[in-house]
Amino acid sequence: MSPDDRWIVVAGPTAAGKTEVALRLSERFGGEIVNADSRQVYRHMDVGTAKPTLAERSIVPHHLFDVVDPDEHFDAACYRDHGRTALRGIWSRGRLPIVVGGTGLYLRALSRGLFRGPGAVAALRRVLEQLEEDHPGMLARWCRRVDPPIAARLHPHDRVRLIRALEVAITTGEPLSRHQSRHSFGERLGTVLEIVLHPGDEVLARKIDARSRGMLEGGLLDEVRSLRARGYGPELRVLRSIGYREAGRVLDGEWDRDQAITELTRSTWRFARRQLAWFRGEREAIWIDPVDSDRVAREVEAFLARG
RNA sequence: GGCGGCGUGGCCGAGUGGCUCAGGCAAGGGUCUGCAAAACCCUCUACCCCGGUUCAAUUCCGGGCGCCGCCU
């Protein structure tokens, strides 16, 4: 059972139970775990990201956890690069990569690539941001001129993507839409079995509730406190992630703990809904309830048995 | 018991004699090619009850009920 170029994706909404399932799979199939969670790549952010514990990580090799500091840049392209390297390494050891996480864009970037283009150009983004600030609607109008297809797809308020479109057009001299249609997620990395874990709405809601409470009654406040002590405060985007912002409010005396628990539960639930919406669009994925761990194992087995 | 105020959609909250009748939050759905735990979009539930005035009332008038405040 030393799979050529095959790999497994264990996706699903937060708190679905991905970590545990993945761990069991890697023990059983000789796998190594690769993180696909946009926040678990950061060092010092453990409790709030529900990162697997060091004990769990010592059972089988884990990759792409703790790769950058909270004030370092990281994005989908970085992820794809790190991810590919990790997968190649795992294959070279004759083992099975098991990619676990809930960041849809990262999973897509890893399995199907990204169009070849410029990374974030911070200075340019700042200028564009300011331009829109001073002249609302400017980005949309500009975009309509340089890249009509993209402009047609984007809502005029979608600053993030408008800025990206202009950034690409300006730095490459070619519209983003052309880059995209040329690429059209055409890359394929090995052969993948994509599993989406979803325990059902009721159970998921309960798990999210329990986890939120656990985090705030457990070590999340301390974690945020020590992040701040290291100089990582709320001005950093990652420190405004779900859980971290709520904990920050408590530390700043704006909320009491119960309030924070309520809010955290709410935003986590909303996040989970968004994740589910993303995964619903992944047509090749198979959906499994994590309580049915036999089914998960059977699917993997069948996948590996296939030619 | 008297006087005054209020009663708007799951919640908060503006407002108007008629013209899909604000906004926010929550909820649901969706989008997503280098910040994605982000960003953005769409949708939904109203005017406490009864009667009156009016071409037309959630909006005006009367009564009822309920809530709040003050007074005796």
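**Strand 2 and the surface near RNA strand B**

In strand 2, G31, I33 and N35 point one way. E32 and V34 point the other way. All of these residues are buried. In a regular strand, side chains alternate between the two faces of the sheet. The model is predicted.

Strand 2 covers residues 31–35 and is mostly covered, with five of its five residues buried. Strand 2 pairs with two other strands. With strand 4 (residues 96–100), the pairing is parallel and runs over five bridges. In that pairing, G31 of strand 2 stands opposite L96. With strand 3 (residues 62–63), strand 2 also runs parallel, and two bridges join them. Here V34 stands opposite H63. Thus G31, which faces L96 across the pairing with strand 4, points one way from strand 2, whereas V34 points the other.

The surroundings of RNA strand B were examined next. There are 46 residues around RNA strand B. Of these, S38, D75, A77, G119 and A120 come nearest. Several helices give two or more residues to this surface: helix 3 (76–92), helix 4 (104–112), helix 8 (159–172), helix 9 (176–183) and helix 13 (257–280). Helix 13 gives the most, with nine residues.

The surface near RNA strand B is mixed by class. It has 14 nonpolar, 17 polar and 15 charged residues.

Definitions and conventions: Residues are numbered from 1 along each chain as its sequence is written. Chains are lettered from A and ligands numbered from 1 in the order in which they are written. This is a predicted model: local features need pLDDT of at least 70, side-chain atom pairs count only at pLDDT 80 or more; totals for chains, interfaces and linings use all residues. A residue is near a molecule or strand if its C-beta atom, placed from the backbone, lies within 6 Å of it. Helices (H or I, at least four residues) and strands (E, at least two) are DSSP runs, numbered from the N terminus. Ala, Val, Leu, Ile, Met, Phe, Trp, Tyr, Cys and Pro count as nonpolar, Asp, Glu, Lys and Arg as charged, and the others, Gly among them, as polar. A residue is buried if 20 or more other C-beta atoms lie within 10 Å of its own, exposed if 12 or fewer, and partly exposed in between; C-beta atoms are placed from the backbone. Two strands pair if DSSP finds at least two bridges between them.
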